[in-house]
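Good morning, everyone, and thank you for making time for this short talk. Please have a look at the chain on the screen before I go through it.

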Amino acid sequence: VYNLIPRTVASESAPARYQSQFASTVRKESDANKQGTKTMGPAKVPLEAPTNFLKKGGGVSPPRPQVDQREVLAVTKPPVPRHDEPALLPPPSKKDFISTNTVEVLRAVPKRPEATILDVTHGRGGRQVLEASGLVPKYSTKDDFGRVPDYLQQRKLEETARKEAQDSHMAAVARAGAPRQLSDSERSQLLAGLKANWAQLHHDYQGLSVVVDTESKKLRKKRMEEQLAHLEADIQRIERHPVIYVED
């Protein structure tokens, strides 16, 4: 039932094989490096004639170093002493070499191995001391050794500027929020105003009814008495203190 309608099968074509553009160059370099009998030698070595055999002294001998006879005589050891000559023996010693060596070995500090590097160049390596190789940084040879770095100086200037700005801001805030001293004219004017208010309130208080029979009259009289007491306390405080500070 499912195969009544013929289906077209899409043919998948394989992608083109990768071909390097340097293949010919690599092939030429590989062929140029090849030589006949380079690895194993020729297949057949020509033989020498039977009469041309190796004779004495005909081989290749290494060159002998030239030795100066004067240097040899200069380092010649002294002759062996004769049997009748007195022997020069060292004086006898009472030192206990075994105990001394034991103590020295116990107190000796183990020698640390010297740091070395292995320099490998073109397949040939050489071991040398790391300290003298130039790979260890020597900061004492720099031009700016022992001086404060520039970034630390810049940071110090920024910190100083920030502290000064903060101090100036705090001083401005303190000045703005600090209490202000009243001048003599302001103190006199304030005192005169309080006395005027007290006189006006006292005049109104004296005009109250003698008979206080209602609740409203009682509350009004009580309120006026409290206001008079506050005004009198303020007047006494200002008159008692010549220097007064106020907050704006």
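Let me begin with contacts, where contact means heavy atoms within 4.5 Å: among contacts in the chain between residues at least 6 apart in sequence, 49% join residues at least 24 apart. I should say early that this is a predicted model, in which local features need pLDDT of at least 70 and side-chain atom pairs count only at pLDDT 80 or more, while totals for chains, interfaces and linings use all residues. Residues are numbered from 1 along each chain as its sequence is written, and side-chain values use heavy atoms, with hydrogens and water left out.

The chain has six helices and four strands, which are DSSP runs numbered from the N terminus, helices being H or I with at least four residues and strands E with at least two. Along the sequence they follow the pattern α-α-α-β-β-α-β-α-α-β.

As for the overall form, the C-alpha atoms fill a box of roughly 170 × 125 × 45 Å, taken along the principal axes. Buried residues, meaning those under 20% relative accessible area with a 1.4 Å probe and protein chains only, make up 5% of the 248 residues.

Finally, consider one pair of helices: the axes of α5 (residues 184–206) and α6 (residues 215–240), which are lines fitted to C-alpha atoms over the stretch in contact, with angles from 0 to 180 degrees between N-to-C directions, come within 10 Å and cross at roughly 155°. That makes α5 roughly antiparallel to α6, a term used for angles over 145 degrees.

Definitions and conventions:
Angles under 35 degrees count as roughly parallel, over 145 as roughly antiparallel, 65 to 115 as roughly perpendicular and the rest as oblique. Buried means under 20% relative accessible area, exposed over 50%, partly exposed in between (1.4 Å probe, protein chains only).
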